[in-house]
Structures are given as structure tokens and as C-alpha cells.
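Work through the exercises below with the sequence and the model at hand. Each task is followed by a stepwise solution.

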Amino acid sequence: MVKARAQFRLRISRGEDIAVGPGKVDLLEAIDATGSITAAARLLGMSYRRAWLLVDTMNRCFRNPVVEAATGGKRGGGARLTAGGAEAVRRYRRIEKLATQASAMELRRLLALTRP
């Protein structure tokens, strides 16, 4: 039996680009956890190129970069969230939580209309 579930998918666009959305926030969290765009991509099952393009888009869309990459070193560098990147993740997750709380009753009623 498949159980119905509700999920909010907030996206913020800047022109034709999606500045931030659920997948990009997942990527930022993975970069924060791994310290690497390569490792974050691997963790999320995407190519390094795809991850790099998503980071590049976010860095262009935000007032300040959300990810800083380091080159060189013994292990080939790495990446880290900037203060703005960490704030973007916190605010995004907070909005998701507030939206879920604010709509809980209506979501239960809507889900009650789906097949058991």
C-alpha cells in the first residue's frame, strides 16, 4: 500500500535561473557536511559537473557567493558554505517548517481525500 504525503517545494527564481530550491538546498547541505563539491555530488547521486553548475548558478543569483571553493593542497582543495550560504539554508528550512505548520489542518483534510 502506498501512503500519500504532502511536500512543499519552494523555489526562488531570478530571471530564467532558479536561485534556490529543494535540490539546491540539499546540495548546499551536502557540501557543508562533506567539505567538497565532488563528495557532495557523489552523496546525492549526481555528476560533479551538474553540482558545479548548480553552485555556479546559486553564486550568480545571490548577492554574495553561497559556496567558496579552495584549490590545491594535499587533498586537492575543497569547498565550504559562506556565511550567506549557511544563512540561505537556515532560512529555506525555516520557511519549509513554517509553511508545514501553518497548513497542517488543510493538508490533513486534503490527504483525507486521497485513496487509503
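**Exercise 1.** Write down the order of elements in the chain from the N terminus on.

Solution. From the N terminus, the order reads β-β-α-α-α-β-β-α-α. The chain has five helices and four strands, where helices (H or I, at least four residues) and strands (E, at least two) are DSSP runs numbered from the N terminus. The model is predicted: local features need pLDDT of at least 70, side-chain atom pairs count only at pLDDT 80 or more, and totals for chains, interfaces and linings use all residues. Residues are numbered from 1 along each chain as its sequence is written, and side-chain values use heavy atoms, with hydrogens and water left out.

**Exercise 2.** Set the radius of gyration of the chain against that of a compact globule of 116 residues.

Solution. The globule rule is 2.2 Å times the number of residues to the power 0.38, and the radius is taken over C-alpha atoms. For 116 residues a compact globule would have a value near 13 Å, but the chain has 17 Å. The C-alpha trace spans about 55 × 35 × 25 Å along its principal axes.

**Exercise 3.** Which residues touch the most other members of the largest nonpolar core?

Solution. A nonpolar core is a set of buried (under 20% relative accessible area, 1.4 Å probe, protein chains only) Ala, Val, Leu, Ile, Met, Phe, Trp, Tyr and Cys residues joined through side-chain atoms within 4.5 Å. The largest has 19 residues, and Leu27, Leu28, Ile31, Ile37, Val55 and Val67 touch the most other members. Helix H1 gives the most to this core, with five residues. Leaving out residues up to four places away in sequence, Val55 touches Leu27, Ile31, Ile37 and Val67, a contact being heavy atoms within 4.5 Å.

Methods: Buried means under 20% relative accessible area, exposed over 50%, partly exposed in between (1.4 Å probe, protein chains only).
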